Amino acid sequence: MATTTAQLVLTSTDLLSDSLSLSAIATLTTAGSATGLTGTEGLGRKKTANTTEYTLFAAADYTDDKAHKVYLKNLSTTAAEYFEIQVAGTVVGRIYAGDWAFLPWSADSTGTNCDIDITPSASNMTLEYMLFTDE
Amino acid sequence: MATTAQLTLNSGDIAGDPVSVTKLMTLTKAGTTNDLDQSSGLNRVHLRSTTNKVLLGANAEGNDLAAKVYIINKSEDASLYVTVTINAQTIGKLYGGDFLFIPWSQTDTDADIEVAATNWTSSTGDIPVEYALFHEDTDFLTNA
């Protein structure tokens with residue numbers, strides 16, 4: 001059993017009238033258990049040639065209805081450039097230059113084809129990603 | 001007025017070599033380097049419903065503006081999970097201790113973020129969920 005952790009630290013000294021300091025740490029485990037995730041696609045990068053929608057992760061390639069975790073980061077340094085993230089065709093949101101996202105992914109392929117798709121706003125953008133899989 | 005979010009992914013044994021990824025971002029308004037300047041603050045609810053409940057209601061004025069959402073399942077029971085949906089589409093499940101940090105485009109007023117304590121029963125106890133929204137200008141007062 002592998003032990004993989006994800007930690008989020010949110011900090012602001014001036015968004016509110018008091019300082020914000022929030023930390024959360026999660027051990028990435030298989031669905032409904034304390035057993036650590038053992039699979040990963042590794043840290044990867046995808047350079048997109050144009051503004052076409054790309055399937056980053058196809059649900060059919062992974063075990064259905066599990067506790068997969070996805071990390072995404074837009075490596076652009078041009079503030080206006082973004083990747084739109086969709087899950088099963090539903091827009092989640094946009095990650096602009098320098099933004100990252102971390103989300104659970106069920107990879108549902110029975111009820112809905114729950115692919116993760118990305119659409120870049122410009123050509124020649126680069127997305128960094130990592131998938132932790134519940135096999 | 002900078003708010004930062006740092007993600008650290010660590011594992012000594014999920015691969016042949018250790019995984020150590022640390023990413024820091026400043027939360028900014030859409031397409032700019034101007035900082036996000038509004039927040040819902042940190043909220044806490046106790047879920048005891050297997051049906052979807054609106055956690056964050058989409059605002060049409062927020063369409064494609066920058067917003068970031070943090071949600072964590074604070075249950076200490078690894079088997080209790082919260083199903084997270086956007087626009088009625090399941091995105092994923094947060095098991096006890098899991099969190100997410102995602103952008104939220106609020107593409108239309110149907111793009112609510114909803115949660116359900118899908119495997120809750122009267123004997124499992126409530127599922128505590130904490131969440132926060134960081135966003136830019138939308139006229140929430142008109143919806144008050």
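Read from the N terminus, chain B runs β-β-β-β-β-β-β-β-β-β-β. That gives eleven strands and zero helices, where helices (H or I, at least four residues) and strands (E, at least two) are DSSP runs numbered from the N terminus. This is a predicted model, in which local features need pLDDT of at least 70, side-chain atom pairs count only at pLDDT 80 or more, and totals for chains, interfaces and linings use all residues. Residues are numbered from 1 along each chain as its sequence is written, while chains are lettered from A and ligands numbered from 1 in the order in which they are written.

Let's stay with chain B for a moment. Its C-alpha atoms fill a box of roughly 45 × 40 × 25 Å along the principal axes. Of its 144 residues, 41% are buried, meaning that 20 or more other C-beta atoms, placed from the backbone, lie within 10 Å of the residue's own (12 or fewer would be exposed, and anything in between partly exposed). Among contacts in chain B between residues at least 6 apart in sequence, 73% join residues at least 24 apart; a contact here means C-beta atoms, placed from the backbone, within 7 Å.

Now to the place where the two chains meet. Chain A brings 55 residues to the contact and chain B brings 53. On the chain A side, two or more residues come from each of β1 (4-12), β2 (20-27), β6 (68-74), β7 (82-87), β8 (90-96) and β9 (100-105). The largest share of that side, nine residues, belongs to β1(A). By class, the side of chain A that touches chain B has 33 nonpolar, 17 polar and five charged residues. Nonpolar covers Ala, Val, Leu, Ile, Met, Phe, Trp, Tyr, Cys and Pro, charged covers Asp, Glu, Lys and Arg, and the others, Gly among them, are polar.

Two strand pairs are set out below; strands pair if DSSP finds at least two bridges between them.

| Strand pair | Sense | Bridges |
|---|---|---|
| β1(A) and β1(B) (residues 3-11) | antiparallel | nine bridges |
| β5(A) and β10(A) (residues 116-120) | antiparallel | three bridges |

In the pair across the chains, Leu8(A) stands opposite Leu7(B) in β1(B). Within chain A, Phe57(A) stands opposite Ile116(A) in β10(A).

That second pair leads to an open sheet of four strands in chain A, with the order β5-β10-β7-β8 and antiparallel pairing. Because β5 (54-57) and β8 of chain A stand at the edges with a single partner strand each, one side of each is left without a neighbour in the sheet.

Definitions and conventions. Two residues are in contact if their C-beta atoms, placed from the backbone, lie within 7 Å.
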